[in-house]
Amino acid sequence: MKIRNLIKKYGDTSVVDDVSLDIHRGKITSFIGPNGAGKSTIMHMISRLIPSDGGEILLDGKNLSHYKSKELAKHLAILTQSNNLAMKLTVRELVSFGRFPYSGSKLTKQDIDIVDDALLKMQLMEFEDRFLDELSGGQRQRAFIAMIIAQDTEFVLLDEPTNNLDIYHSIQMMKNIKFLSTNLGKTVIIVLHELNLAAFYSDYICAFKDGKLVKHAPTNEIITKENLAEIYNVDFEILDIHGKPLSIYF
């Protein structure tokens, strides 16, 4: 995926200002930066939830705007910050939604096998007939990840997936995301506020500030005291073991 000169404006204010970057296949790329930096706005333009005001996003050399919605849903899946559904759904029903771009509401045997596999990968078989509102927060998050697995797209977009989770469930969520990349070969783009999680689980980091891309490199090149101070205007301390960030604090 290539992003070229992406722009988004609200009135006279540029919230995304001429952003260009390449997303590395099969890796986890985290978007970090202060509130209002443009991270989620870029994510929403990549997923076509909102239109851009300039520039282009290329997927396999084809402008994203030229994909039909059903076709795009076979290449790209997204989980936004709010995954609450008003419908009374079981875990299996939710995960089955991942097959909608392929078979609509009439699941084939192949679709059912793929849903079964997704439930197994997220260790949800024993909960498949439970309603989502009967699950713990961590189980519910795993159900949404299983839906993403069932959708079987190369690109997975996650907008603050650890939002409102405690530290235990945040780590479990990041392990599930790592599984998508390492075990299933997915290309993951994730918006994160938790720098420790971004530092530990990301392969690449894109740092944004005031709508501009200010840093884009492998994680160990981004997570330095100097870079973080520039991005957040706060002095940080970093503890690490053998070059792997262990804790970031200020």
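**Figure 1. Strands β1 and β2 run antiparallel, with six bridges joining them.** This predicted model gives β1 as residues 2-10. One cross-strand pair to look for is Lys-8, which stands opposite Val-16 in β2. Zoom out a little and β1 and β2 turn out to belong to an open sheet of four strands, in the order β2-β1-β4-β5. The pairing in this sheet is antiparallel. At the edges sit β2, residues 13-22, and β5, residues 62-63, each with a pairing partner on one side only. Strands of a sheet, in general, pair through backbone hydrogen bonds, and they can do so either parallel or antiparallel.

**Figure 2. Helix α1 lies across three strands of the sheet, namely β1, β2 and β4.** The helix runs at about 115 degrees to β1. Strand β4 covers residues 54-59, while α1 itself takes in residues 39-46.

**Figure 3. Lys-39, in helix α1, is a buried lysine.** Its relative accessible area is 4%, so Lys-39 falls under the 20% cut-off for buried. What does the side chain of Lys-39 have for polar company? A polar atom of that side chain lies 3.0 Å from the backbone oxygen of Gly-33. Setting aside residues up to four places away in sequence, Lys-39 touches Phe-31, Ile-32, Gly-33 and Pro-34, and also Val-191, His-193 and Phe-208. Leu-158 is 119 residues from Lys-39 along the chain, yet their C-alpha atoms are separated by 11 Å.

**Figure 4. Thr-153 sits in the loop between α6 and β7.** The flanking elements are α6, residues 137-151, and β7, residues 155-159. Is this loop threonine buried or exposed? Thr-153 counts as buried, because its relative accessibility is 1% and buried means under 20%. A polar atom of the Thr-153 side chain lies 2.9 Å from the backbone oxygen of Phe-155. Leaving out neighbours within four places in sequence, the contacts of Thr-153 are Ala-73, Lys-74, His-75, Leu-76, Ala-77 and Lys-186.

**Figure 5. A salt bridge connects Asp-116 with Arg-92.** The closest N and O atoms of the pair are 2.5 Å apart. This one links distant parts of the chain: Asp-116 belongs to helix α5, residues 109-121, and Arg-92 to helix α3, residues 91-96. The two partners are 24 residues apart. Arg-92 is partly exposed, at a relative accessible area of 21%.

**Figure 6. Helix α5 also carries salt bridges between residues about one helical turn apart.** In one of them, the side chains of Asp-113 and Lys-109 meet with 3.0 Å from N to O. These two are four residues apart in α5, which means a separation of about one helical turn. Asp-113 counts as partly exposed, with 38% relative accessibility, whereas Lys-109 is exposed at 61%. In the other, Lys-121 and Asp-117 come together at 2.4 Å, N to O. Lys-121 and Asp-117 are again four residues apart in α5. Both ends of that bridge are partly exposed: Lys-121 has a relative accessible area of 28%, and Asp-117 comes in at 34%.

**Figure 7. Lys-2, Arg-4 and Asp-22 are linked in a network of salt bridges.** How many salt bridges does the structure hold? The count is 17. For orientation, strand β1 spans residues 2-10, and β2 spans residues 13-22.

Terms used. Residues numbered from 1 in each chain as written. Predicted model: local features only at pLDDT ≥ 70, side-chain atom pairs only at ≥ 80, totals over all residues. Heavy atoms only, no water. Salt bridge = Lys/Arg side-chain N within 4 Å of Asp/Glu carboxyl O. Buried < 20%, exposed > 50% of the residue type's maximum accessible area, 1.4 Å probe, protein only. Contact = heavy atoms within 4.5 Å. Polar contact = N/O pair within 3.5 Å; in protein donor to acceptor, adjacent residues only side chain to side chain. Pairing = 2+ DSSP bridges. Axes fitted to C-alpha atoms, helices over the stretch in contact; angles between N-to-C directions.
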